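Reader: I have a chain open in the viewer and would like to go through it with you. Could you take me through it step by step?

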Amino acid sequence: MNAATLSIFRHLFDSIAEEMGVTLGRAAYSANIKERLDFSCAVFLGDGRILAQAAHIPVHLGAMPASVQAAICHCSPFKPGDVVILNDPYAGGTHLPDITLVSPAFIDQGANREERGQEDYPGNSYDNSADNTPQFFVASRAHHADIGGISPGSMPISTELFQEGLVIPPLKLIESGKVNDALMSLILKNVRTPEERQGDLAAQIAAHQTGDRRLKEISERYGLSECLSQAENLIDYAKRMTLAAIAKIPAGLYEFTDFLDDDGINDQPIPVQVEIKVDPSGMILDFSGTGPAVAGNVNAVPAIVISAAAYCIRCLSLALLDDDLPMNQGAYEPWKVIIEPGSLLDPFPPHAVAAGNVETSQRIVDVIFGALSAALPELVPAASQGTMNNVAFGSRAQSMDSEKKAERNQKRTDSNIFAYYETLGGGIGASQQQNGGDGMHAHMSNTLNTPVEALEYQFPVRIHEYRLRSNSGGAGIHNGGEGLSRAIEFLVPATATIVSDRRRFPPFGINGGQPGERGCNWLIRKGKKIQLGGKVKLDLEKGDQILIETPGGGGWGKR
């Protein structure tokens, strides 16, 4: 295995996923995708193993292999020009707003034939699409600002999956290059902003075309057999490097328990527990002590658990080896997770799961790092904000007399209906090396903020406050990062949903550091400031404001 060649191919494959992301971001319609970059792209081998990913959203990327496997299972055989769509959390998805597209990439095995010699390719010609076996897949996952359901933005305070939006099992949206118009019409009829959804789906399709084109180009340049051989070498290298990192963790059994505040329906805290067994042969992460599935929507499907574990192990591997190892199927092989069926982390359908992807994923990260802080006290940072502070809002129907209704119907266009979704940053946990970062998206989120100008231009809102939240980081030898304060005034009646956590249990400090400040949500109505719960739905009038104060990060070390 030649190190230089391996590095070249690693960056070639990674660059395909990165360029797919550039295409998707530039072509998207919605602010959540275009401005906040709430999407991810990756490249897979033909058997569904992940080969390369862009530096996008951790909670997307670690869970995306389940989507590709679901596409292979339910939609084979494939032909050139096929595109599979899905969002069903119980069939390869995570939560309904995350729509995943999966496309096969068929490479002519006669590519680069003239340079490599006819003997490498038996027969006069070969159409590899005939056996319906693609050599690669490309996939993208984007968080769509609305996918229907009982609340605009499709992040409701829900008690079953059907309240959260349109459920799409793995289906071919495009077959042999032809759009399934009936399926597209069904999707668009069930969302509040169909033009925006159609535009964002078109952006994902354009990203796939970019990925397919680039895979063909590198196969033409280097030969398909060489590309596939180096892909296997990269997977083997990632496995060996991940094992090497795990071997640097002191062998032993490490436990940690933390809590979600509540599920939005009942007021009871929800335990998330992990027991991690480490030895030179690998790592086992056992979540059997986690509580049962709940009535609210903080349940998380197993793909999210795997995604969070992959993120944590990658972070530790980078630090322990001081090297940037590739993130592919090999990085998943030296460890496994154990999850009890029927628990919070493996609920039975149709349990609600909208917040599991965004909130429970963060708590899984916290307990993994919390457990391993006993093994690596000088390496593991304090807890970051531990929530994504989800805010979704949109237009709402108003009761009116017949005269006003007739006037509205005469003037009504789809532009009168709007839906928006964002997550807010907060404090990053401090480490032995430095203070935590301020006002940043932490761990399983890797999005940007929506600029005030873009938000006010596109939606009937006014931002009154957007600043760092002073003194919200936990004190220590190094202090935790500061949270944020964001106040949004609504210029028209609207419905808003806030799904957040760390309003009861603060982000913990490490090695004697103090916890970060808890977050807090407020409604400001006619000059009166009313404290809200962490998970709440609001019917807002013109002039109402919501104020979100996000948690600070935990401190590191006792002063």
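Author: Let us begin with a term that we shall need: a residue counts as buried when its relative accessible area is under 20%, as exposed when that area is over 50%, and as partly exposed in between. Please keep in mind throughout that this is a predicted model.

Reader: Fine, so is Ser151 buried or exposed?

Author: Ser151 has a relative accessible area of 1%, which is under the 20% cut-off, and therefore Ser151 counts as buried.

Reader: Where is Ser151, and which residues does it touch?

Author: Ser151 is in the loop between strand S5, residues 136–143, and strand S6. Leaving aside residues up to four places away in sequence, Ser151 touches Asp146, Pro156, Arg192, Thr497 and Lys537.

Reader: Let me step back to the whole chain. How many helices and strands does it have?

Author: The chain has 12 helices and 20 strands. Its radius of gyration is 24 Å, close to the 24 Å that the globule rule gives for 559 residues, so the chain is as compact as a globular protein of that length. Along the principal axes, the C-alpha trace spans about 80 × 65 × 40 Å.

Reader: And what share of the residues is buried?

Author: Buried residues make up 58% of the 559 residues. As for contacts with a separation of 6 or more, 76% of them are between residues 24 or more positions apart.

Reader: What about the surface and the charges?

Author: The chain exposes about 21600 Å², and carbon and sulfur atoms supply 50% of that area. There are 48 positive and 65 negative side chains, and the centres of these two sets lie 6 Å apart.

Reader: Next topic, helices. What span should H7 have, going by its number of residues?

Author: Helix H7 covers residues 194–222, and at 1.5 Å a residue its 29 residues should span 42 Å; the end C-alpha atoms are 42 Å apart, which agrees. H7 is followed by Gly223, whose phi is positive, near 95°.

Reader: Is Glu195 in that helix buried or exposed?

Author: Glu195, which lies in helix H7, is exposed, with a relative accessible area of 61%. Between Glu195 and Asp38 there are 18 Å in space, C-alpha to C-alpha, although the two are 157 residues apart in sequence.

Reader: Now H4, please. Which of its residues are buried?

Author: In H4, the buried residues are Met64, Pro65, Ser67, Val68, Ala70, Ala71 and Cys75. The helix has 12 residues and reaches 16 Å from its first C-alpha to its last, close to the 16 Å expected at 1.5 Å a residue. As background, an α-helix has 3.6 residues a turn, so residues three or four places apart point the same way.

Reader: Ala66 is missing from that list, so what is its status?

Author: Ala66 lies in H4 as well, but at 31% relative accessibility it counts as partly exposed. Ala66 touches Gly92 and Ala303, with residues up to four places away in sequence not counted, and its C-alpha is 10 Å from that of Ile50, 16 residues apart in sequence.

Reader: Moving on to the backbone, where are the cis peptide bonds you would point me to?

Author: One is the bond from Ser76 to Pro77, with omega near 0°, and Pro77 is in the loop between helix H4 and strand S3, residues 83–86. Another joins Pro349 and Pro350, with omega about 10°, and Pro350 is in the loop between strand S11 and helix H10.

Reader: And which residues other than glycine have a positive phi that I should look at?

Author: Among them are Ser176, with phi near 55°, and Arg502, with phi near 60°. Ser176 is in the loop between strands S6 and S7 and is partly exposed, at 43% relative accessible area. Arg502, in the loop between strands S16 and S17, is buried, at 0%.

Reader: One last residue: what does Ser431 touch?

Author: Ser431 touches Pro381, His478 and Trp556, again without counting residues up to four places away in sequence. Ser431 lies in the loop between strand S13 and helix H12 and is buried, with a relative accessible area of 11%. From Asn2, Ser431 is 429 residues away in sequence and 37 Å away in space, C-alpha to C-alpha.

Notes
Residues are numbered from 1 along each chain as its sequence is written. This is a predicted model: local features need pLDDT of at least 70, side-chain atom pairs count only at pLDDT 80 or more; totals for chains, interfaces and linings use all residues. Side-chain values use heavy atoms; hydrogens and water are left out. Helices (H or I, at least four residues) and strands (E, at least two) are DSSP runs, numbered from the N terminus. The radius of gyration is taken over C-alpha atoms; the globule rule is 2.2 Å times the number of residues to the power 0.38. Buried means under 20% relative accessible area, exposed over 50%, partly exposed in between (1.4 Å probe, protein chains only). Contact means heavy atoms within 4.5 Å. Accessible areas come from the Shrake-Rupley method with a 1.4 Å probe; for residues, only the protein chains shown count as cover. Lys and Arg count as positive and Asp and Glu as negative; His and the chain ends are not counted. The place of a charge is taken as NZ of Lys, CZ of Arg, CG of Asp or CD of Glu. The expected span of a helix is 1.5 Å times one less than its number of residues.
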